[in-house]
Amino acid sequence: MELVTCKEKSMLQKKHYDVDQFFDIVANVLNIVGSSFKRRNMLREDQEKKLEELQVLGEVHTGSGLNQELGLQRPGDTRWGSNFKTVSNFIALFSSIINVLEFLASEDVNYLERSVAKSLVNDIRSFEFVHMIHLMLKLLAITNDLNIALQRKDQDIVNAMKLVGFAKRQLQVMRESKWESLIDDASSFCSKHDIVIPKMDKNYHLGKSKRRSSSVTYSHHLRVEVFNTVIDLQLSELNSRFDAVNSNLLLGMASLSPDNSFANYDKDRIMKLATLYPHEFSGSKLEDLSYELDNYILFVKEDNDLSNLKGLGDLSETLVETDLYKTWRLVFLLVKLSMILSVATAIVERAFSSMKYIKNDLRSRIGDEFLNDYLVCYIEDEVFESVPNDAIIGRFQNMTTRRVQL
C-alpha cells in the first residue's frame with residue numbers, strides 16, 4: 001500500500017475542514033435561533049408573513065397538505081437521513097433565518113449573542129456557504145433513500161444493497177456532469193437573496209474602507225476541486241462501509257433468509273458467503289455444500305412448517321425442533337455463523353443513544369442490572385405496551401411478601 005504524502009494529507013484535511021466548517025455554521029445557527037421559544041416564534045411569524053405575501057402575489061396556493069409549517073430540525077447521530085431534512089429546511093427558511101439573526105444582531109440585550117448573530121449573518125450570506133449547502137443538499141438527496149432503507153427494522157438487505165449500488169452510480173454521474181447545474185442553483189439562490197456572486201478567477205474587495213477591505217481570490221479550479229473531493233469522500237465512505245466482503249456477507253445472509261418462502265434464495269451468493277469462512281468450509285466441504293443446497297431449497301419450499309418463517313432465528317429454531325439440522329448440517333452451520341455475525345444496525349446505535357436519556361443526573365448511580373432492565377423497557381416499548389397492567393402488578397405482588405396490596 002502506498003503511503004500518503006504530507007501534502008496529500010494536508011489537502012485531505014482541508015477538504016474535511018470545509019465540510020466540518022459548514023456543518024459547524026449550521027449547528028451554530030440552530031443553537032442561537034432555536035435556543036428560546038421567543039426566537040422560534042419569531043422564525044414562525046416571519047415564515048407566515050412571507051407565505052401571506054406569496055399568496056397575494058399568486059406564487060403559492062392554499063390547500064390540504066400544502067405550505068405546511070417548517071422548522072429547523074436538528075440532525076441526529078442515529079437518524080442518518082436527518083441531515084438531509086436539516087439542510088432542506090435551512091434552504092427553505094433561509095430568508096426567515098436571516099431576518100431573525102439580523103434582529104438579534106441589532107436588538108439582543110446580550111452583547112455576546114449580538115456578536116455571534118452578526119458573525120453568522122456574514123457566514124451564511126456568503127457564496128461559499130450557499131455553494132456548500134446546495135452541494136450537500138444534492139449529495140444527501142442521492143443517499144436519502146438508502147438512509148431510510150437502512151433505518152427500517154425489517155430491512156430488506158437485497159434491496160438495500162441495490163440502493164447502495166444505485167447511490168454510487170448517481171454520485172459518479174454527479175461528479176462527471178452536475179458541476180454546472182450546482183453553480184446555476186447556487187447563483188440563482190444568491191440572486192434571489194441579494195448575495196454577492198463573485199467572479200471566478202478574479203479579485204474583489206469587501207467594504208468601502210481600504211483598511212477594512214480584504215482581497216479574496218475565487219478560483220474556478222479550486223471550486224471544482226472541492227466539488228470533486230467532497231463527492232469522492234462520499235463515495236469512499238460508501239465503499240468502505242459496503243466493500244466486496246461486507247456486500248458478500250450481507251447478500252449471503254439475505255439469501256439464507258426464509259422470508260416470503262425463501263424468495264431471496266441465491267445459491268451463488270450463499271457459496272460466496274461460505275468461502276469467507278475457510279476454517280469451517282474446506283474445498284471438499286464447499287463441494288458438499290453445493291450439492292446440499294440443491295436439495296435443501298427444493299425441500300424447504302415444499303415443507304409447510306418452513307413456509308411462514310421470519311428471519312434466520314425462526315429458521316434456526318425450526319431446523320432444531322424438527323431435527324432437520326442433522327440433515328442439512330452444512331446449511332445449518334452457515335445459518336449459525338450468520339446469526340452470530342456482528343452487524344451494527346441503527347437499532348444498536350439508538351440503544352446507545354438512549355442511555356443519555358436513561359442515565360441522567362438523577363440516575364447517575366444506577367446499578368448495571370437496574371440500568372439494563374430500564375434500557376430493555378425503554379427500547380422495547382412496543383412490546384411492553386402490549387402487556388396488561390394487571391399482569392405486571394400480579395408479577396411483582398408474587399415476587400415477595402408485601403405489606404401493601406399493589
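A disulfide is a pair of cysteine sulfur atoms within 2.5 Å, and the structure, a predicted model, holds zero of them. Two cysteines illustrate the accessibility of such residues in the chain. C190 is buried, with a relative accessible area of 0%, whereas C377 is partly exposed at 39%.

The mean pLDDT of the protein chain is 76, with 78% of the residues reaching 70 or more. Over residues 1-14, by contrast, the pLDDT is below 50, and the model gives this stretch three contacts beyond near neighbours in sequence. A further stretch, residues 64-69, also stays under 50 in pLDDT; for these residues the model has 10 contacts beyond four places in sequence. 

With regard to overall architecture, the protein chain contains 19 helices and two strands. Of its 406 residues, 33% are buried. Among contacts with a separation of 6 or more, 65% are accounted for by residues 24 or more positions apart. The area exposed by the protein chain is about 25,900 Å², of which 52% is supplied by carbon and sulfur atoms.

Helix α8 comprises the 14 residues 179-192, for which a rise of 1.5 Å a residue predicts a span of 20 Å; the end C-alpha atoms are 20 Å apart, in agreement with that expectation. The buried residues of this helix are W179, L182, I183, A186, S187, F189 and C190. Seen down the axis of α8, the buried residues fall within an arc of 160°, and they therefore line one face of the helix. On the other side of α8, S191 and K192 are exposed. The cysteine already described, C190, belongs to the buried set of α8, and its relative accessible area of 0% lies below the 20% under which a residue is counted as buried.

Beyond the end of α8 comes D194, located in the loop between α8 and β1 (202-205). The phi of D194 is near 55°, a positive value in a residue other than glycine. D194 counts as exposed, because its relative accessibility of 62% is over the 50% required for that class. A positive phi also occurs at D323, where the angle is about 60° although the residue is not a glycine. D323 lies in the loop between α14 (311-321) and α15 (329-339). At 41% relative accessibility, D323 counts as partly exposed.

Helix α12 (residues 267-275) has I270, M271, L273 and A274 as its buried residues. These residues cover an arc of only 155° around the axis and are therefore placed on the same side of α12. The buried residues of α12 pack against α10 (244-256), α13 and α15.

Three residues of helix α13 were examined individually. S290 lies in this helix, which spans residues 283-302. S290 counts as buried, because its relative accessibility of 19% is under the 20% cut-off. Leaving aside neighbours within four places in sequence, S290 is in contact with K267 and M271. Of these partners, M271 is one of the buried residues of α12, and the buried residues of that helix pack against elements including α13.

F299 is likewise found in α13. At 33% relative accessibility, F299 counts as partly exposed. The contacts of F299, neighbours within four places in sequence being left aside, are with L324 and W328.

K301, also in helix α13, has a relative accessibility of 52% and counts as exposed. Not counting residues up to four places away in sequence, K301 touches S261 and F262. The pair formed by K301 and F262 is separated by 39 residues in sequence and by 7.3 Å in space, C-alpha to C-alpha. Within α13, then, S290 is buried, F299 is partly exposed and K301 is exposed.

Conventions: Residues numbered from 1 in each chain as written. Predicted model: local features only at pLDDT ≥ 70, side-chain atom pairs only at ≥ 80, totals over all residues. Heavy atoms only, no water. pLDDT = per-residue confidence, 0-100. Contact = heavy atoms within 4.5 Å. Helix = DSSP H or I, 4+ residues; strand = E, 2+ residues; numbered from the N terminus. Expected span 1.5 Å × (residues − 1). Buried < 20%, exposed > 50% of the residue type's maximum accessible area, 1.4 Å probe, protein only. Arc of directions from axis to C-beta. Areas by Shrake-Rupley, 256 points an atom, 1.4 Å probe, with all protein chains shown as cover.
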